[in-house]
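Please look over the sequence and the three-dimensional structure below before reading on. The paragraphs that follow begin with one residue and then move outward to the rest of the chain.

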Amino acid sequence: MIQLNGQKVRLKQAVDTDEVDQLYYWKYEEKEQEAKKWNGPYIPEPFMTKKEFRESWLKENELFPHVPFSLLIIIDGKVTGYVSSYWVDRMTNWLETGIVIFDCDYWNGGYGSEAYKLWIDFLFSQTNLHRLGMSTWSGNTRMMKVAEKIGMREEARIRKARIVNDIYYDAIKMGMLREDWDSSNKNLKLVEINETLKDQVIDFFTLHWGGSEMVLSSGIYDCSTLDGFLTQNDQNEIIGLITYKIKGIECEIISLDNVVEGKGTGSRLVKEVEKKAKQHKCKQVSVITTNDNLPALAFYQKRGFTIATILNQAVEKARKRKPSIPINGYNGIPIKDEIKLVKEIGLS
């Protein structure tokens, strides 16, 4: 299951009927329908029954392997909208994107900008797409500002091409190239965690994990109190975070999180921990992950770590201490075992 965590919002795949039914309520049952006054009001939308809507959302629809066409927007634990995409031209890797937040209580609070940026970052980082665009109308200034804030540019304006409430408006086309995205993401700051960052770190763990406690076979840790590093964007938002614990000649990585994958942030953070380990004269760096976490297993092995130990049923024991640990994880794989990976490091 794909899940992207920001500071205020979470994007995730629809995996159960309850989530889809919440979205159905906003699209068809909620009385005010304020969002439809702004989100393409000139495009007629056919009615769907709840059954038809469920089937359309829960069926497998992917742009690429493990890259869905759309994700739900979750704010304060509730489905409030979705981000979406559709092909304009497969030959030139050109995708059109969109976002709608139905609950107007979350308009003008930075929620849409964060959700849309998470979506754009995910699409660029997980694919070879060359350009991403969006279409709107000149009356929807809020959407234009959101697109501009995340780095899109106005590329075309077709005069008086849309009619809303018997008034002509311009059709607006905005877009971003991969090179624009690469440029906007290369200047992330790397900072060692200190006391002034503690509150932000606690908020980060609360958002991503529901709390800062990490239960592993090697121990129980409060990640907000551990040493570590983080990367921040220009708005000082945490984009990546790593924590570690020195244990004699071993340095154990306790947690590693990336908001944006595929930008080298994880590698950069791991390298900083390896430098610290050498300073403390450690002989190896280790990390524990779970059997379902295929991306983590691939990530660490590509960076010189090897599988040292498989701890059967270790997660079952950890779940007794922390019942919130999910039963199933990546791609629906049952989470049962821990896998320890180790990298030997020189002291030179």
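A useful place to begin is Val67, which, when residues up to four places away in sequence are not counted, touches Glu62, Phe122, Leu123, Gln126 and Thr127. The model in which these contacts are found is a predicted one. Val67 belongs to strand 4, which runs over residues 67–68. Is Val67 buried or exposed? Its relative accessibility is 2%, and because a residue counts as buried under 20%, Val67 is placed among the buried residues. Val67 can also be compared with a residue elsewhere in the sequence: Gln13 is 54 residues away along the chain, while the C-alpha atoms of the two are 9.9 Å apart in space.

Among the partners of Val67 are Phe122 and Leu123, and these numbers lead to helix 3, which covers residues 111–126. Helix 3 has 16 residues and reaches 22 Å from its first C-alpha to its last, close to the 22 Å expected at 1.5 Å a residue. How many of the 16 residues of helix 3 are buried? The count is 13, so helix 3 is largely enclosed by the rest of the structure.

The loop that precedes this helix offers a contrast. Asn108 is located there, between strand 7 (94–101) and helix 3. With a relative accessibility of 69%, Asn108 counts as exposed, since the cut-off for that class is over 50%. The backbone of Asn108 also deserves attention: its phi is positive, at about 65°, although Asn108 is not a glycine. Most residues other than glycine have a negative phi. A second asparagine, Asn165, likewise has a positive phi, of about 55°, and is not a glycine. Asn165 is situated in the loop joining strand 9 (153–164) and strand 10 (167–177). The relative accessible area of Asn165 is 68%, and Asn165 is therefore exposed.

A loop residue may also be buried, as Ser224 shows. Ser224 is in the loop between strand 13 (219–222) and strand 14 (227–232), yet its relative accessible area is 8%, which means that it is buried. Which residues does Ser224 touch, not counting residues up to four places away in sequence? They are Lys198, Val201, Ile202, Phe205 and Ser212. Tyr106 is 118 residues from Ser224 along the chain, and the C-alpha atoms of this pair are separated by 29 Å.

Another serine, Ser267, lies in helix 7, which spans residues 265–279. Its relative accessibility is 17%, so Ser267 counts as buried. Once its neighbours within four places in sequence are left aside, Ser267 is in contact with Phe299 and Arg303. Leu71 lies 196 residues from Ser267 along the chain, with 27 Å between their C-alpha atoms.

Between the buried and the exposed residues there is an intermediate class, and Glu29 illustrates it. Glu29 is in helix 1, which consists of residues 17–29. Because its relative accessible area is 41%, Glu29 is described as partly exposed. With residues up to four places away in sequence not counted, Glu29 touches Tyr24 and Lys50.

These individual residues can now be set within the whole protein. There are nine helices and 19 strands. Of the 348 residues, 49% count as buried. The exposed surface amounts to about 18,100 Å², and carbon and sulfur atoms supply 50% of it. Contacts tell how the chain folds back on itself: among those between residues at least 6 apart in sequence, 64% join residues at least 24 apart.

The overall dimensions complete the picture. Why does the radius of gyration agree with that of a compact globule? A compact globule of 348 residues would have a radius of gyration near 20 Å, and the protein has 22 Å, which agrees. The C-alpha atoms fill a box of roughly 75 × 40 × 40 Å, taken along the principal axes. Finally, the protein carries 48 positive and 48 negative charges, and the mean positions of the two sets are 3 Å apart.

Methods:
Residues are numbered from 1 along each chain as its sequence is written. This is a predicted model: local features need pLDDT of at least 70, side-chain atom pairs count only at pLDDT 80 or more; totals for chains, interfaces and linings use all residues. Side-chain values use heavy atoms; hydrogens and water are left out. Helices (H or I, at least four residues) and strands (E, at least two) are DSSP runs, numbered from the N terminus. The radius of gyration is taken over C-alpha atoms; the globule rule is 2.2 Å times the number of residues to the power 0.38. Buried means under 20% relative accessible area, exposed over 50%, partly exposed in between (1.4 Å probe, protein chains only). Contact means heavy atoms within 4.5 Å. Accessible areas come from the Shrake-Rupley method with a 1.4 Å probe; for residues, only the protein chains shown count as cover. Lys and Arg count as positive and Asp and Glu as negative; His and the chain ends are not counted. The place of a charge is taken as NZ of Lys, CZ of Arg, CG of Asp or CD of Glu. The expected span of a helix is 1.5 Å times one less than its number of residues.
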